[in-house]
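Visitor: Please choose one strand in this model and take me through it closely, together with whatever sits around it. I'd like the reasoning spelled out where there is some.

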Amino acid sequence: MTCVKRLRKVSSRVLAGLATIAALVSLYSAKQSGLAAGFMPESPESSGILHTISSKPKIAPLRSCAEVILNLISEKAFFHELRLPTDGAYRSRPGHWFHFSEYHVPMHAKLRREGLLPKGEDFKTIVLRVPQSRWITDMNPMTRLYLAAAYSDGGARNILFVPPGVISKTQTGMIFDDVRLLKLSWLFSSFQSLQEKFVSDALKDCTKQQEDGLRLHLDASNIGTSNIKSTLLLGANKAPIYSWLSQPEEAESFRESIQKLCDASRSKALQSLVELPPSFAEAQCLLHGVSDKRHAVIYQRDRTRKFIHFDEMKERIGQILGAQWTVSVIIHNDGNPPCLIVQCLTRADLLITPHGFQSMLNMFLPRKSYMIEVFPTRYYWSGYKSLGLAWDVQHAWAQSAPLTTLAYTLASFTTTDFCMQIFYCRYLARKGNVLMDETGLAQIQRVRNIIENIEETTAIELSGVIEREQCLRECGHDSKCASFSFQSHNLSSSRCIFRQDPLQGENGDDQVGTGVNNKRCWSPGCKR
């Protein structure tokens, strides 16, 4: 028996070795065939040393990442040089949706005003040179999408992110300083599937062939650039969130850019999704057959500030919304495909989420939809509300009851207004998880009735407002204001109208020991 077992082990190892050899032979044959970057229809001529690209290249097998990229920019490319923040690089963290976006999303409107926002019909590839090499790896799928939408109209076939040392611009064109560094770049292609877009690097299919250290010159006739024609320092300065895209045409332009970048009809994978990532396991919004119902999306965070008793909360929300609604759930993950989130939220009537960077997802919601934002005890910030208002997205909110000893202590000795003025108080407050209690569920019932036209908000006209951005800002600061409209024929006939919800706001309850939006007492002796 021992000899038989040994013979079986030897046989299995031999078979495994033969399978490995066969796989290596197959990979070598594929590499020799030059199909490593087959998503591009053409490539530059690969024989000899390339110096200047000024005409459309001939068809030839793609053999290297350098050739893939040269093929991308051989027709028309637009070049943006991004800068480090002037107020310190810490807050412009490439992996943080909000702190990264506050430097870059506002540039969409500024480039548009100067006529320097590249159009996909003119430029097939957008080249974004980032100021630090670490950005290439530190950016996550969502911040890549935000960056691509900020610096284009979304119509380009390819977005190329390159680190310093790869490209330098000149008055006569563009220089690839060392093509060996191109492998450090990152490429998004519109031909990728929805699950791949901004998640997978399209350059990953390039062969591992060693590049020569060549310097390549690209003719200026094929290149557009915002940096030579404008004094804008792209990404150097952040802007207040209410001013990012404060005009309707600016918000609509950014919305269209996102939609084009995540347009499924431009993807190579048009078939329906067979298997969703785990974070989308309950995302009914991505399935067929639910379009005739209204749709709510619950976005759950994965770390701090999470909804607690989540399963019970989902069930209660489903009961409140009723049979004419479908409820989807998305669990946050830094690697989530952003275009799947876009596809889900563009069908939503309601987004329910704890307060946090993911509240920026209101940028993907349709006009007139609602976001309900749930804050931890003693924390309230209206920034994401103001962002949504610019997109004509309505806002409601609730504040969670205290869930920990620390939260009870903050509730017993401070007010929300006082805590928000002290750095360490608001820092500690914002770490807390949140509970969708009866107060929050009542807000969901109220919002459902508004969406279904069973109830309505109250119109209040604000005097002395002559600009739309000011009207937006004032609504953002008013805790009762759910939405606004601004009408202006000239400076003397402007009208700023708030739609207020009497159930929103502090209602005089922001007192020591009490909750906001309600009359509950959280400590002995509090005032009712």
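**Strand E13 and its surroundings**

Guide: Some orientation before we zoom in: the chain's secondary structure adds up to 16 helices and 17 strands. Keep in mind that this is a predicted model. The chain has 528 residues, and 54% of them are buried. Take the contacts with a separation of 6 or more: 74% of these are between residues 24 or more positions apart. The chain exposes about 23900 Å², with carbon and sulfur atoms supplying 53% of that.

The strand I'd pick is E13, residues 370–375, where 6 of 6 residues are buried. How do those residues split between the two faces? Tyr370, Ile372 and Val374 sit on one side, Met371, Glu373 and Phe375 on the other, and both sides are covered. That every-other-residue split fits a simple rule: in a regular strand the side chains alternate between the two faces of the sheet.

Now for what flanks it. Strand E12 (residues 350–354) pairs with E13 in the parallel sense, over 5 bridges. Within that pairing, Thr353 stands opposite Glu373 of E13. Strand E14, residues 394–399, also runs parallel to E13, and 6 bridges join the two. There, Phe375 has Gln399 of E14 standing opposite. So much for the backbone partners.

The loops leading into these strands deserve a look too, and Asp392 is the one to follow. Its side chain meets that of Arg367 in a salt bridge, at 2.7 Å from N to O. Arg367 belongs to the loop between E12 and E13, while Asp392 belongs to the loop between H11 and E14, so this pair ties together parts that are 25 residues apart in sequence. Is Asp392 buried or exposed? With a relative accessibility of 13%, Asp392 counts as buried, because the cut-off is under 20%. Asp392 also forms a salt bridge with Lys368, whose closest N–O distance to it is 3.3 Å. Lys368 is again in the loop between E12 and E13, so this pair ties together parts that are 24 residues apart in sequence. As for the chemistry behind such pairs, side chains of opposite charge can pair when their charged atoms come close.

Nonpolar packing comes next. The largest nonpolar core has 81 residues, and Phe254 and Phe364 have the most contacts inside it. Helix H6, residues 141–150, provides the largest share of that core with 7 residues. Which residues does Phe364 touch, leaving aside neighbours within four places in sequence? Its contacts are Met142, Leu145, Tyr146, Ile258, Ile341, Val342, Leu345 and Thr346. There's also a second, separate core of 24 residues, and Tyr370 of our strand is in it, with Ile317, Ile450 and Ile451 among the other members.

Helix H11, on the far side of the Asp392 loop, leads us to another covered element. All 8 of the 8 residues in helix H3 (residues 97–104) are buried. Among them are Trp97, Phe98, Phe100 and Tyr103, along with His99 and Glu102. The buried residues of H3 pack against H11 (383–390), and also against H4, H5, H6 and strand E10.

For a contrast with Asp392, compare a salt bridge inside a helix. By the rule used here there are 15 salt bridges, and one of them joins the side chains of Lys314 and Asp311 at 3.5 Å, N to O. These two are 3 residues apart in helix H9 (residues 310–321), which means about one helical turn separates them. Lys314 is buried at 17% relative accessible area, whereas Asp311 is exposed at 56%.

Last stop, the surface. Leu406, Phe423, Tyr424, Tyr427 and Leu428 make up a nonpolar patch with about 520 Å² of accessible area together. Helix H14 (residues 423–429) contributes the most to it, 4 residues. Leu406 comes from helix H12, residues 405–413. Why does Leu406 count as partly exposed? Because its relative accessibility is 39%, which falls between the 20% and 50% limits. Set that beside E13, whose residues are buried on both faces.

Definitions and conventions
Residues numbered from 1 in each chain as written. Predicted model: local features only at pLDDT ≥ 70, side-chain atom pairs only at ≥ 80, totals over all residues. Heavy atoms only, no water. Core = buried A, V, L, I, M, F, W, Y, C linked by side-chain atoms within 4.5 Å. Buried < 20%, exposed > 50% of the residue type's maximum accessible area, 1.4 Å probe, protein only. Contact = heavy atoms within 4.5 Å. Areas by Shrake-Rupley, 256 points an atom, 1.4 Å probe, with all protein chains shown as cover. Patch = residues over 30% accessible without salt bridge, like charges linked within 9 Å, V, L, I, M, F, W, Y side chains within 5 Å. Salt bridge = Lys/Arg side-chain N within 4 Å of Asp/Glu carboxyl O. Pairing = 2+ DSSP bridges.
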